[in-house]
Amino acid sequence: MSRKEYVNAVGAIRAMENGLISKTDIDQIIAARSKAEADALLTAKKGKTDLQTELSDVWDMLMSYASDSIELKILLYKNDFHNLKAVLKAIISNRDPKPYYISPSNVELSVLTEAFNEKDYSLLPKYLRKTAEEAYELITNTLDGQLSDSLIDRNCLNEIQKSAENCGSEFMQEYAEFMAVCADIKTVYRCSLMKKSRSFLETAVCGSNAFEKESLINAALEGIDSVYSLIENSSYSEAAAMLRNSPAQFEKWCDDVIMELAETSRFTAFGADPLAAYYIAKEAEIKDLRILAVCRESGTDSSTITERMRTLYV
């Protein structure tokens, strides 16, 4: 990415930031007396938009400036690995994978489908090949979809951390580690409550610089109190407090910390970090709007909706 391309990209991002939903906007929508009023407020801010395609539109814009940016492509690894799961399950159950495919993605649905149908994993990006082959063998031999999903999720986190380390961006390395930490904490929390075996945990747990894989597994096997203790005695002690309150509060805390990380890269002098930060901001905005829509539909009270809203970029 040349300096001119970077300047143009950041200029476009700065202009688009004016269209991001703010906390004030969210508060006004929450306070709306009807769905029609809420929709009118949202339209006044954003115009007529489709949340299903908005993120893909943002991605296409970013790629028009930085199509070779590995930092940006790392952000889509989670979608790529999700789509791998979707296609694999669809093939096994003889269903159409299209309804389960998430966009944007680095890999087209047709490529994923062909790779599995032809058993030609060389069609896939390098970071997906081994996982695709291993997951196919696992699910066809065991018919255990949960175990296959756990393998794919773990390998996704490993590849995100590996690629972030290789790209040299401190922001992406922090992002990757935090993604792994949050996912591993959720995994060992659930596995501890469900009394999962060491074998399952070996497949499901990733590990990171913050938490060694074996320490996480041992804590999960010892029980939930050991899980809490491990987290409390780390630099992520705040996560333990959130998790003790409720898994939902922990999930919100994870999303909010990701946004704080994005904020630190918003005004980086050079590189793709501000572009990545904007994409993360759009993800958070769309997530908030979806949570808000579901809550309003179910008749959730305003104070509860406000509590569930994630931190926004503006």
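Phe178, Phe211, Tyr236, Phe250 and Trp253 form one aromatic cluster. Rings of Phe, Tyr and Trp (its six-membered ring) pair if their centres lie within 6.5 Å; planes under 30 degrees apart count as stacked, over 60 as edge-to-face and the rest as tilted. This is a predicted model: local features need pLDDT of at least 70, side-chain atom pairs count only at pLDDT 80 or more, and totals for chains, interfaces and linings use all residues. Residues are numbered from 1 along each chain as its sequence is written, and side-chain values use heavy atoms, with hydrogens and water left out.

**Aromatic pairs**

The structure holds ten aromatic pairs. In one of them, the ring centres of Tyr77 and Tyr127 are 4.0 Å apart with planes at 20 degrees, so the pair is stacked. Tyr77 belongs to helix H6 and Tyr127 to helix H8 (residues 126-142), so the contact ties together parts that are 50 residues apart in sequence. Helices (H or I, at least four residues) and strands (E, at least two) are DSSP runs, numbered from the N terminus.

How buried are these two rings? Tyr77 has a relative accessible area of 3%. Tyr127 has 13%. Buried means under 20% relative accessible area, exposed over 50%, partly exposed in between (1.4 Å probe, protein chains only).

Tyr127 also pairs with Phe81, and this pair is tilted: 6.2 Å centre to centre, with 35 degrees between the planes. Phe81 is in helix H6 and Tyr127 in helix H8, 46 residues apart. Both Phe81 and Tyr127 are buried.

A charge also meets a ring. The charged end of Lys196 sits over the ring of Phe200, 4.5 Å from its centre. The rule here asks for NZ of Lys or CZ of Arg within 6 Å of the ring centre and within 35 degrees of the ring normal.

**Salt bridges**

A salt bridge is a side-chain nitrogen of Lys or Arg within 4 Å of a carboxyl oxygen of Asp or Glu. By this rule the count comes to 22 salt bridges. Three of them are tabulated, with the distance between the closest N and O atoms.

| Acid | Base | Closest N and O atoms |
|---|---|---|
| Glu17 | Arg266 | 3.2 Å |
| Asp149 | Lys89 | 2.6 Å |
| Asp256 | Lys252 | 2.7 Å |

Glu17 forms a salt bridge with Arg266. Glu17 lies in helix H1 (residues 3-17) and Arg266 in the loop between helix H15 (247-264) and helix H16 (273-297), so the pair ties together parts that are 249 residues apart in sequence. Both residues, Glu17 and Arg266, are buried. A network of salt bridges links Arg14, Glu17, Glu263 and Arg266.

Asp149 forms a salt bridge with Lys89. This pair links distant parts of the chain: Asp149 in helix H9 (residues 145-167) and Lys89 in helix H6 (residues 77-93), 60 residues apart. Asp149 is buried at 16% relative accessible area, whereas Lys89 is partly exposed at 33%.

Where do Asp256 and Lys252 lie? They are four residues apart in helix H15, separated by about one helical turn. Asp256 counts as buried at 11% relative accessibility. Lys252 counts as buried at 19%.

**A loop glycine**

Gly223 is placed in the loop between helix H12 (213-222) and helix H13 (224-232). With 13% relative accessibility, Gly223 counts as buried. Gly223 and Ser192 are 31 residues apart in sequence, yet 5.5 Å apart in space, C-alpha to C-alpha.
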